[in-house]
Amino acid sequence: MDVQPSVVAADGDRDGIPNVLLEAMASGLPVVSTPVSGILEVLNDRNSELVAPGDPGAIAATIGRLAADETRRMEVIRNARETVLQFDMDEHIRFLLSLFGRYLGLEHAGTDVSAGSGGEYPAGDGRLAVSMHSDDVGK
């Protein structure tokens, strides 16, 4: 089970969408968290158990309830895996490239996405190299 009791710090700092939530969901772990900041972009009452921030008693009770209720636990796990499939990084990159292409007046018929595998960036430098194929220009 993954327990992520996020809170808003006194200075207003907060988590966006903690990667550990998506990793736990993809790994088949049920998630208990708080409805803080970007967490609600991923979690809901179908794919997790949400509790009020700053209430350790509620967190402990929710952990116990989820541990004891196999039917609910398996439902959360199944729905969480379906949710994670919506967070396909390649799909999001293709979508962003299509937006950039439209903004630049280019079509997005054949976009190469590679991490430092050529183009203007040397291999292994860790940056994302994006090249629009020349046959995309002017379509």
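This is a tour of one predicted model, stop by stop, with a selection to make at each stop.

**Before starting**

Residues are numbered from 1 along each chain as its sequence is written, and side-chain values use heavy atoms, with hydrogens and water left out. Because the model is predicted, local features need pLDDT of at least 70 and side-chain atom pairs count only at pLDDT 80 or more, while totals for chains, interfaces and linings use all residues.

**Stop 1: the whole chain**

Show the protein as a cartoon. It has four helices and five strands. Helices (H or I, at least four residues) and strands (E, at least two) are DSSP runs, numbered from the N terminus. Followed from the N terminus on, the elements run β-α-β-β-α-α-α-β-β. Of the 139 residues, 29% count as buried. Here buried means under 20% relative accessible area, exposed means over 50%, and partly exposed is in between (1.4 Å probe, protein chains only).

**Stop 2: P18 and S6**

Select P18, in the loop between strand 1 (2-4) and helix 1. P18 is buried, with a relative accessible area of 11%. Now add S6, which is twelve residues from P18 along the chain. The C-alpha atoms of the two are separated by 9.2 Å.

**Stop 3: helix 1 and helix 3**

Select residues 19-26 for helix 1 and residues 70-84 for helix 3. Two packed helices are described by the angle between their axes and the distance between the axes. For this pair, the axes come within 8 Å and cross at roughly 120°. Axes are lines fitted to C-alpha atoms, for helices over the stretch in contact, and angles run from 0 to 180 degrees between N-to-C directions. Angles under 35 degrees count as roughly parallel, over 145 as roughly antiparallel, 65 to 115 as roughly perpendicular and the rest as oblique. Helix 1 and helix 3 are therefore oblique to each other. Helix 1 passes helix 3 in a left-handed crossing (the near helix is turned anticlockwise from the far one by less than a right angle; clockwise would be right-handed).

**Stop 4: R81 and L29**

Stay on helix 3 and select R81. At 44% relative accessibility, R81 counts as partly exposed. Then add L29: R81 and L29 are 52 residues apart in sequence and 9.4 Å apart in space, C-alpha to C-alpha.

**Stop 5: S37**

Go to the loop between strand 2 (31-33) and strand 3 (49-50), and select S37. S37 has a positive phi of about 55°, although it is not a glycine. S37 is partly exposed, with a relative accessible area of 38%.

**Stop 6: the salt bridges**

Show the side chains of E49, R72 and E75. Side chains of opposite charge can pair when their charged atoms come close. A salt bridge is a side-chain nitrogen of Lys or Arg within 4 Å of a carboxyl oxygen of Asp or Glu. A search of the whole structure finds two.

In one of them, E49 meets R72 at 2.6 Å, N to O. E49 lies in strand 3 and R72 in helix 3, so the pair ties together parts that are 23 residues apart in sequence. Both residues are buried: E49 has 14% relative accessibility, and R72 has 16%.

E75 and R72 also meet in a salt bridge, at 3.5 Å, N to O. These two residues both lie in helix 3, three residues apart, about one turn of the helix. E75 is partly exposed, with a relative accessible area of 30%. Salt bridges that share partners join E49, R72 and E75 into one network.

**Stop 7: a surface patch**

Switch to a surface view and select F95, L96, L99, F100, Y103 and L104. They make a nonpolar surface patch of about 690 Å². Patches are made of residues with over 30% relative accessible area and no salt bridge; like charges are joined within 9 Å, and nonpolar side chains (Val, Leu, Ile, Met, Phe, Trp, Tyr) within 5 Å. Accessible areas come from the Shrake-Rupley method with a 1.4 Å probe, and for residues only the protein chains shown count as cover. L96, one of the patch residues, lies in helix 4 (residues 89-103). L96 is partly exposed, with a relative accessible area of 40%.
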